[in-house]
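Here's a quick briefing on side-chain contacts and one helix. Have the model open while you read.

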Amino acid sequence: MSIKILKTLSSVFLFIFLSNELFADQGISSDQILIGMHTDISGPASMIGKQSVDGANMRFNEFNENGGAFGRTIKFIVEDHQYTVPRAVQAANKLLRKDKIAFMMGSLGTPMNNAVMTDQLAMNVPNLFPLTAAPVSYTHLRDHETGRNLLFRLLLEKKKGGGGVWGG
């Protein structure tokens, strides 16, 4: 994929999130976007965790070196949960409350994602691309009454002047 296409796609993605003020009231400043990940760096699934961190860092570095989007670069903060739920809860709490990330991305493990999802979504911090195949990690993005994708419903409600699905 050419750098021009990557930059264009990244810009469109960030424009949707940044221009609508849909999500967290934290982690986005005039010059930076904070993205967090809790994953296994030193435990039994560290082979997956380390590679996902390296891959994300590679793309974020490329994105930042090409000027970011709308004057904003990405700061990527990673916490090791050693593939244990208690450590994942600690890591997520740090990312959400101390580091004040705007987005959680690529977090590894179904039990770890499930353990932090309620708090995370209550803070309007989306869980992007969790590394799990369990439906529970992404079905929160569907309205169970209508079957519609909540992200698009959220965008439409925001456009119509509503608070969106997750916000007031």
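What follows covers a helix, its salt bridges and an aromatic pair.

This is a predicted model, in which local features need pLDDT of at least 70, side-chain atom pairs count only at pLDDT 80 or more, and totals for chains, interfaces and linings use all residues. Residues are numbered from 1 along each chain as its sequence is written, and side-chain values use heavy atoms, with hydrogens and water left out.

**Helix α3**

- Helix α3 takes in residues 85-98; helices here are DSSP runs of H or I with at least four residues, strands are E runs of at least two, and both are numbered from the N terminus.
- Its 14 residues should span 20 Å at 1.5 Å a residue, where the expected span is 1.5 Å times one less than the number of residues. The end C-alpha atoms of α3 sit 19 Å apart, which agrees.
- Ala-88, Ala-91, Ala-92, Leu-95 and Leu-96 are buried in α3; buried means under 20% relative accessible area, exposed means over 50%, and partly exposed is in between (1.4 Å probe, protein chains only).
- Those buried residues cover an arc of only 120 degrees around the axis, so they end up on the same side of α3. The arc is taken from the directions between the helix axis and the C-beta atoms.
- Flip to the other side of α3 and you'll find Pro-86, Gln-90 and Lys-98 exposed.
- The cover over the buried residues of α3 includes β1 (32-39), β2, β3 (103-105) and α4 (110-122), with contact meaning heavy atoms within 4.5 Å.
- Lys-100, just after α3, has a positive phi of about 60 degrees.

**Salt bridges**

- Side chains of opposite charge can pair when their charged atoms come close.
- The whole structure has four salt bridges, each being a side-chain nitrogen of Lys or Arg within 4 Å of a carboxyl oxygen of Asp or Glu.
- One of them joins Glu-62 to Arg-59, at 2.4 Å from N to O. The two are three residues apart in helix α2, so about one helical turn separates them.
- Glu-62 counts as buried at 17% relative accessibility, while Arg-59 is partly exposed at 43%.
- Asp-99 pairs with Lys-94, and their closest N and O atoms are 2.6 Å apart. Asp-99 is buried, with a relative accessible area of 18%, and Lys-94 is partly exposed at 26%.
- Asp-119 and Arg-97 make another salt bridge, with 4.0 Å between the closest N and O atoms. This pair links distant parts of the chain, as Asp-119 is in helix α4 and Arg-97 is in helix α3, 22 residues apart.
- Asp-119 is partly exposed at 40% relative accessibility, and Arg-97 is partly exposed with a relative accessible area of 40%.
- Salt bridges with shared partners also join Glu-79, Lys-94 and Asp-99 into one network.

**The aromatic pair**

- The count comes to one aromatic pair, using rings of Phe, Tyr and Trp (its six-membered ring) with centres within 6.5 Å; planes under 30 degrees apart are stacked, over 60 edge-to-face, and the rest tilted.
- That pair is Phe-60 with Phe-76, edge-to-face, at 5.0 Å centre to centre and 65 degrees between the planes.
- Phe-60 lies in helix α2 (residues 46-65) and Phe-76 in strand β2 (residues 73-80), so the pair ties together parts that are 16 residues apart in sequence.
- Phe-60 is buried at 11% relative accessibility, and Phe-76 is buried at 14%.
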